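Student: I'd like to go through the salt bridges here. Can you justify each label as we go?
Tutor: Gladly; have the structure open.

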Amino acid sequence: MQNGAHKLQVNKIAGSIGAEIHNVDLGNLDEPTAKEIRQALLDHKVIFFRNQDLSPEQFLKFSSRFGKPVEYPFVKGIDGYPQIIQVLKRENEKTNFGGVWHCDTLYLDEPPMGTILMAKELPPFGGDTLFANQVAAYDTLSDGLKSTLSTLTGVNTSAKADASKTREDRIKDSGHKTEDYVSYHPAVRTHPETGNKSLYVNVAHTERFDGWTPEESTPLLKFLFELQVKPEFTCRFKWEPGSIAFWDNRAALHNPINDYHGFKRSMQRITLAGDKPR
């Protein structure tokens, strides 16, 4: 299929977030089509593609159209492609990689703007991924709470145990250990491209509010963590070999479901450089 010869087909998969895009070959992408894809990402927060079995070189070239691929701080990339990491759960492992609601690497000073994940080897069932719209979650808040949150800064750390369980296994595999990271970001961020405001905390990384103790922070954080993943803000994606998900890390959370054991699940992931949240 020649890109440009067919109009992209964009099908929403849920009311709040997520769309599948058809009629496109990501290994042969022209600039007008790339612009349409970027707009779809901004509109739907996460977009999905099917039957896109890209080589590492093609995967990197596709990703580079939307930002600068960067290395993940904890896990070494695949041979020859340091920006592409393997997201792996082995047959004998019980805990999956990043199996909790989060946006990627919120503990960095400049978290990635987006993440692109491609399925390589999947279990016969399970292993879906959930996504949650953080603009929609923010929009439901009262004016009073919006005002309060506008003054708060979240303290985020890579040391929180929920996010690090299987990451530690991949660190052992790669010998790529670094020190823990801590970041200070607004609890509500403004999207640099759309201007929309979104909740910018998550259960995997946010430890407390700056100037507050963990005990003082817990009640409000607990409320936000529960609110931001309410079913009406979410979608669920069922993977197939060659499926690709591309999510906006500035406006969406994700959660890979750990409902399969005894089977291997292998993906390749690229993260794109972001900016300082404001």
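Tutor: Arg38, Glu193, Asp248 and Arg250 are linked in a network of salt bridges. This is a predicted model.

Student: How many salt bridges does a search of the whole structure find?
Tutor: The search finds 15.

Student: Why is the contact between arginine 269 and aspartate 104 called a salt bridge?
Tutor: Their side chains meet at 3.6 Å, N to O. The cut-off is within 4 Å, so the pair qualifies.

Student: What does the pair of arginine 269 and aspartate 104 tie together?
Tutor: Arginine 269 lies in strand S16, residues 265-272. Aspartate 104 is in the loop between strand S5 (85-89) and strand S6 (114-121). The pair therefore ties together parts 165 residues apart in sequence.

Student: Are arginine 269 and aspartate 104 buried or exposed?
Tutor: Arginine 269 is buried, and so is aspartate 104. That label requires under 20% relative accessible area.

Student: What makes glutamate 232 and lysine 230 a salt bridge?
Tutor: The side chains meet at 3.4 Å, N to O. The limit is 4 Å, so the label holds.

Student: Why does glutamate 232 count as partly exposed?
Tutor: Its relative accessibility is 47%. Partly exposed lies between the 20% and 50% cut-offs, so the term fits. Lysine 230, at 34%, also counts as partly exposed.

Student: How do you know that arginine 236 and aspartate 259 meet in a salt bridge?
Tutor: The N to O value is 4.0 Å. The criterion is within 4 Å, so the pair is counted. Arginine 236 is partly exposed, with a relative accessible area of 47%. Aspartate 259 is partly exposed too, at 34%.

Note on methods
Residues are numbered from 1 along each chain as its sequence is written. This is a predicted model: local features need pLDDT of at least 70, side-chain atom pairs count only at pLDDT 80 or more; totals for chains, interfaces and linings use all residues. Side-chain values use heavy atoms; hydrogens and water are left out. Helices (H or I, at least four residues) and strands (E, at least two) are DSSP runs, numbered from the N terminus. Buried means under 20% relative accessible area, exposed over 50%, partly exposed in between (1.4 Å probe, protein chains only).
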